[in-house]
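Work through the exercises below with the coordinates loaded. Each task is followed by a solution in steps.

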Amino acid sequence: MPSVDALVVGAGFGGIYQLYKLRELGLTVKLIDKATDVGGTWYWNRYPGANSDSLSEVYRYSWDKEDLLTYPWPKHYVSQREILDYLKHVVKRHDLRQYMQFSTELESASFNSVSSLWTARFTSGETIQTRYLITALGTYSKVMYPAIPGIENFAGEKYHTGNWPASYDFKEKRVGVIGSGSTGVQIMIAIADQVKQLVSFQRSPQYVVPNGDGPVSAEFRDNVNKNYDDIWNGVRNSYAAHNVPESTVPAMSVSAEERERVFESLWQQGNGFRFMFSSFSDILTSEEANEEACNFIRKKISQTVEDPAKARKLSPNGYYARRPITAPGYYEIFNKDHVDIVDLRETSITEITEQGIRTNDTLHELDVIIFATGFEVADGNYTTLTVNGPRQSLKEHWAEKTTSYLGVSEAGFPNMFLVVGPLSPFNNFPPTIESQVDFISGLISKAERKRKDENSGKVVLVEATQQAEDEYVEMCRVIGTKNLFRKEKSYIFGANVAERTPHILFWVGGLVHYRKALQDVVDNGYRGFTFS
Ligand code: NA7
């Protein structure tokens, strides 16, 4: 059986950087991905309108300074296509493709207690042995279809945004979209003018803030380039990691006029993260402050949407406490006569028939149904794998709930590391990924040094202790009780998956505190890990 020092699974932002770091350590590495090329989440999510809603200057790697200063980004947000081109460029620039094998899906990984190696089996039947197994499977990867009876009976076209086809044509078609998260909002904006009819089947209306996108001027870029070190330093030491200022002013400490002025100015600048974090310090912690933000956006909806019935349907009544949505001109599309909303708070989908979607007593005839219904977030891609550690399987380990130590390791799974595994920070991904990959690489580097020093030919096993994992899981739970995310039913708690008992799936304490926690572990000799 062929063997490598490290097997990396996944060719997205996480896997590519992990491959680079492991090569830097001098290890032999293979990276596999079931897709036909690099991209990870961005390979699959190629629906119309797909783009990042993190600002372009921080939706990239920071570790290649020269590339950071020279690689172009024409607008303030990068499109899915531009992200793929960027990742391909990075892979080419660092000559990483030679270590990659595509169209290769991991089926199982089993730890052999005699050799202390992992055996990975691919769906092709091929197997490989590895000392380190690093899974970078993605947070938003395992697509979720709603449990609506009759989906299979629909005679028209049906698509999930997370597994989008290479070609499609919606011209002159009646299109229904189920789902109004970031994805549903982006796709509806993108296709509204192409279709004959667009119907949003909306279960939860959303607070959508414009993005303020536009071309990047030479002066803007120049300024970013001059300040890039400070920008990244600020990102790593912030809560959201989005390169937006984070306010220290509580909303109710200023007058109503000042609040209005602040909200309006941020609305004009655009970006949901800016609106949530640059406005006031307590939008996510104070119900009163949160309600002020909600009222402002509700007012914008009623001012924008001409038909009061549509405006009412689009108005959320819950907290502004889900992942913020940023998109240009969302509410405006509902001013078009051929764009409508079915409010699933007032009626419900009873079935999908050959002709379309039936809600209580109405059949909405459609040519296309788009499922923008999201993902089994955080652990979804792990639940389909068989991962057998020396004492138990990952399924058994997670029987009660999904856990991890620091989002990067599992007690009882030596030399296995996860990039953005469950309970990872809920922040802008590239800086989060860099923090984790640097940390994992530090662990591996220490293990490799020990192996060489001992010179016994034996594998050094790095493993999180159960106690460290339990404490970290508890810390994530406690942090999760301290902000308003807990008040909304969303994927942050896995509440979007019908059959699961909701519990926190992310570290919602901000990147700055997560990085402090990692540094503290490093400073204390990788506390919570054993090297045996
Ligand atoms: P999200 O944010 O999980 O949104 C999924 C949407 O699908 C959301 O509006 C759901 O309504 C809706 N949904 C799910 N199941 C149903 C059923 N059964 N009926 C009606 N509506 C349903 O996924 P996205 O793909 O938009 O975004 C995921 C992340 O990708 C995003 O946060 C960014 O980080 C990028 P609900 O709100 O649950 O009532």
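The exercises deal with the ligand site, the cavities and a few single residues.

The model is predicted, so local features need pLDDT of at least 70 and side-chain atom pairs count only at pLDDT 80 or more, while totals for chains, interfaces and linings use all residues. Residues are numbered from 1 along each chain as its sequence is written, and side-chain values use heavy atoms, with hydrogens and water left out.

**Exercise 1. The ligand shell**

Task: List the closest residues around the ligand and sort the shell by class.

Solution.
- Step 1. A residue is near the ligand if one of its heavy atoms lies within 4 Å of it.
- Step 2. On that basis 18 residues surround the ligand, and the closest are Thr-183, Ser-204, Arg-322, Arg-323 and Tyr-491.
- Step 3. Ala, Val, Leu, Ile, Met, Phe, Trp, Tyr, Cys and Pro count as nonpolar, Asp, Glu, Lys and Arg as charged, and the others, Gly among them, as polar.
- Step 4. The shell then splits into seven nonpolar, eight polar and three charged residues.

**Exercise 2. Polar contacts of the ligand**

Task: Find the distances from oxygen atoms of the ligand to Ser-204, Ser-180 and Tyr-140.

Solution.
- Step 1. A polar contact is a pair of N or O atoms within 3.5 Å; within protein, one must be able to donate a hydrogen and the other to accept it, and residues adjacent in sequence count only if both atoms are side-chain atoms.
- Step 2. For Ser-204, a side-chain N or O atom is 2.4 Å from a ligand oxygen.
- Step 3. Ser-180 uses a backbone N or O atom, at 2.8 Å from an oxygen of the ligand.
- Step 4. For Tyr-140, a polar side-chain atom lies 3.5 Å from a ligand oxygen.
- Step 5. The ligand taken alone exposes 780 Å², of which the protein buries 85% (Shrake-Rupley method, 1.4 Å probe; for residues, only the protein chains shown count as cover).

**Exercise 3. Cavities**

Task: How many cavities of 30 Å³ or more does the structure hold, and which residues line the largest cavity?

Solution.
- Step 1. On a 1 Å grid over the protein atoms alone, a cavity is a set of points where a 1.4 Å probe fits but cannot get out, and lining residues have an atom within 4 Å of a point.
- Step 2. Grid points are joined across faces, edges and corners, and a volume is the space filled by probe spheres set on the points.
- Step 3. There are two cavities of 30 Å³ or more.
- Step 4. The largest cavity has a volume of about 40 Å³, and its lining consists of Gln-206, Tyr-207, Tyr-319, Tyr-320, Ala-321, Arg-322, Arg-323, Pro-324 and Ile-325.
- Step 5. By class, this lining has six nonpolar, one polar and two charged residues.
- Step 6. The second largest cavity holds about 30 Å³; it is lined by Arg-60, Tyr-61, Asp-64, Asp-67, Leu-68, Tyr-71 and Tyr-86.

**Exercise 4. Positive phi**

Task: Is Glu-172 buried or exposed, and is Leu-423 buried or exposed?

Solution.
- Step 1. Most residues other than glycine have a negative phi.
- Step 2. Glu-172 has a positive phi of about 65°, and Leu-423 has a positive phi near 70°.
- Step 3. Buried means under 20% relative accessible area, exposed over 50%, and partly exposed in between (1.4 Å probe, protein chains only).
- Step 4. Glu-172 is exposed because its relative accessible area is 60%, whereas Leu-423 is buried because its value is 1%.

Note on methods
1 Å grid on protein atoms, 1.4 Å probe; cavity = no way out; pocket = protein on both sides within 12 Å on 5 of 7 lines; lining within 4 Å.
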